[in-house]
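Me: Please take a close look at a single part of this structure, one place where two strands are joined. Then follow the chain outwards from there and say how that part sits in the rest.

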Amino acid sequence: MTWHRTISMKALEKVGGTSVKAGESVIYLAFLGGKLYAMNGVCSHAKCILGHLDSANSRVKCQCHEAEFELGTGKMVKPPVVAQNAPMEKLGLSTFPVREENGFIEVDLPQ
Ligand code: FES
């Protein structure tokens, strides 16, 4: 595992959640209720980049077909509108350790 520096904490606080490049990966970052979250930023359905933060429900919504993922676990909690019978238990996204270091968000990713 290796820590990768991404955007500033101030930038993340402004937007709440966003996808960023970290190493060779795209990671979705969120700051909600005083807590940082990091998960794979590529949707498991058809590989769109996530997404819209639903802060009321602590979820991220994919903008392509509206699948929803739980922030803390990466679990798919709503299937894509075009694939209502998708096996949601197999379509969860990986989550990663995340921290603030010297004003920047860092994510610990496998090498
Ligand atoms: S690509 Fe995300 S729901 Fe289809």
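Reply: The bridge partner of L32 is K35, in β4. The model is predicted: local features need pLDDT of at least 70 and side-chain atom pairs pLDDT 80 or more, while totals for chains, interfaces and linings use all residues. Residues are numbered from 1 along each chain as its sequence is written. Strand names follow DSSP runs counted from the N terminus (E, at least two residues, for strands; H or I, at least four, for helices).

The pair L32 and K35 belongs to an antiparallel pairing of β3 and β4 over six bridges; two strands count as paired if DSSP finds at least two bridges between them. Two residues lie between the strands of this hairpin, and G33 has a positive phi near 60 degrees there.

On the preceding side, β2 (residues 17–22) is joined to β3 by six bridges, also in the antiparallel sense. V20 stands opposite I27 of β3 in this pairing. The hairpin of β2 and β3 has two residues between its strands as well, and G23 takes a positive phi near 60 degrees.

β3 (25–32) and β4 (35–40), together with β10 (104–109), each supply at least two residues of the largest nonpolar core. β3 gives the largest share, five residues. That core has 24 residues in total, and L29 and A38 have the most contacts inside it. A nonpolar core here is a set of buried Ala, Val, Leu, Ile, Met, Phe, Trp, Tyr and Cys residues joined through C-beta atoms within 7 Å. Buried means 20 or more other C-beta atoms within 10 Å of the residue's own, exposed 12 or fewer, and partly exposed in between, with C-beta atoms placed from the backbone. Beyond its neighbours within four places in sequence, A38 is in contact (C-beta atoms, placed from the backbone, within 7 Å) with I27, L29, T95, F96, V98 and V107.

After β4 comes a loop leading to β5, which holds K47 and G51. K47 has phi near 70 degrees, a positive value in a residue other than glycine. K47 counts as exposed because it has 10 C-beta neighbours inside 10 Å. The peptide bond from L50 to G51 is cis, with omega near -10 degrees. Most residues other than glycine have a negative phi, and most peptide bonds are trans.

Further along is an open sheet of four strands in the order β5-β6-β7-β8, paired antiparallel. Its edge strands, each pairing on one side only, are β5 (52–54) and β8 (76–78). Neighbouring strands of the sheet are turned by 35 degrees on average, direction ignored; the axes are lines fitted to C-alpha atoms, and angles run from 0 to 180 degrees between N-to-C directions. Two bridges join β7 (residues 68–70) to β8, and E68 stands opposite K78. The loop between β6 (59–61) and β7 contains E66, which has a positive phi of about 65 degrees although it is not a glycine. E66 counts as partly exposed because it has 15 C-beta neighbours inside 10 Å.

The protein as a whole has one helix and ten strands, in the order β-α-β-β-β-β-β-β-β-β-β. Of its 111 residues, 30% count as buried. Its C-alpha trace spans about 45 × 30 × 20 Å along the principal axes. Among contacts with a separation of 6 or more, 39% are between residues 24 or more positions apart.

Technical notes:
Contact = placed C-beta atoms within 7 Å.
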